[in-house]
Structures are given as C-alpha cells and as structure tokens.
Amino acid sequence: MEYITYDDLQKLVDQSQQIERLFRRMTEAMFAGMIDLHIELRAMTIEEWYKTFCRKSPHLLQLVPHKYIASYLGIDPTNFGKLFNNVKF
C-alpha cells in the first residue's frame, strides 16, 4: 500500500465494492482505536495510564527511550522515571 498513489487507490475503490468495504473497515478500526485511546487518556490517572501502557506494550520499555514514552503518555520525563522505578504491575 505504500506504493500506490491516491488517484490509483480511488480508482480501485470505485471499481471494487470489496476494496471499498475493506478500507472502510480499516478506517473504522483505526478511528475506534483513537477514540478508545482518547477516553483512556482523559479517564485515567497517570499511574493507571502507565500501568495500562505497560500491560499493552511492555516490550517498548526496552526498545524506546523513556523520554519518548513519557512524551507519548503526556508525562514529564522525571515523573515517568519515578513511575518506572516505583510502580509494579
């Protein structure tokens, strides 16, 4: 999908109902995920959000610098360090 132009994609969608349905479902799934993420960010405390992140993506704690994870979570890097060192899940 990285190599198809927007115009070519539109032609494919116009030609095939199955492709149009596939892209609609993919878009819906992405949008639903974004909504869930937004709700989680607003409804959880920083500690709850950190624990949720650790349950969903524990491998990223080893692969990604903590300052980037802190930024993603909307946490100050110093507070992230405290969470990382003190919170057990």
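Select helices H3 (residues 46–56) and H6 (residues 77–86) first: in this predicted model the two pack at an angle of about 65°, with their axes 11 Å apart. The axes are lines fitted to C-alpha atoms, for helices over the stretch in contact, and the angles run from 0 to 180 degrees between N-to-C directions; the helices themselves are DSSP runs (H or I, at least four residues), numbered from the N terminus. The crossing of H3 and H6 is right-handed, a term used if the near helix is turned clockwise from the far one by less than a right angle.

Before going further, note that residues are numbered from 1 along each chain as its sequence is written, and that side-chain values use heavy atoms, with hydrogens and water left out. Because the model is predicted, local features need pLDDT of at least 70 and side-chain atom pairs count only at pLDDT 80 or more, whereas totals for chains, interfaces and linings use all residues.

Now show the side chains where H3 and H6 touch, with contact meaning heavy atoms within 4.5 Å: Ile46, Glu47 and Tyr50 in H3 meet Phe80, Leu83 and Phe84 in H6. By class, this contact of H3 with H6 has five nonpolar residues, no polar ones and one charged, where Ala, Val, Leu, Ile, Met, Phe, Trp, Tyr, Cys and Pro count as nonpolar, Asp, Glu, Lys and Arg as charged, and the others, Gly among them, as polar.

Keep Tyr50, Phe80 and Phe84 on screen, since ring pairs link them into a cluster. Rings of Phe, Tyr and Trp (its six-membered ring) pair if their centres lie within 6.5 Å, and planes under 30 degrees apart count as stacked, over 60 as edge-to-face and the rest as tilted. The rings of Tyr50 and Phe80 have their centres 5.6 Å apart and their planes at 80°, so this pair is edge-to-face; it links distant parts of the chain, with Tyr50 in H3 and Phe80 in H6 lying 30 residues apart. Phe80 and Phe84, by contrast, form a stacked pair, at 6.3 Å centre to centre and with 20° between the planes, and, being four residues apart in H6, they are separated by about one helical turn.

Colouring by accessibility adds to the picture, with buried meaning under 20% relative accessible area, exposed over 50% and partly exposed in between (1.4 Å probe, protein chains only). Both Tyr50 and Phe80 are buried, Phe80 at 1% relative accessibility, whereas Phe84, at 31%, counts as partly exposed.

Next, hold H3 and add helix H5 (residues 66–73), whose axis comes within 11 Å of that of H3 and crosses it at roughly 120°. H3 and H5 are therefore oblique to each other (angles under 35 degrees count as roughly parallel, over 145 as roughly antiparallel, 65 to 115 as roughly perpendicular and the rest as oblique), and their crossing is right-handed. Here Trp49, Tyr50 and Phe53 in H3 meet Ile69, Tyr72 and Leu73 in H5, and the residues of this contact divide into six nonpolar, no polar and no charged.

Finally, select helix H2 (residues 17–43), where the axes of H2 and H3 come within 9 Å and cross at roughly 140°, so that H2 and H3 are oblique to each other. Leu37, Glu40, Leu41 and Ala43 in H2 meet Glu48, Trp49, Thr52 and Lys56 in H3, a contact with four nonpolar, one polar and three charged residues.
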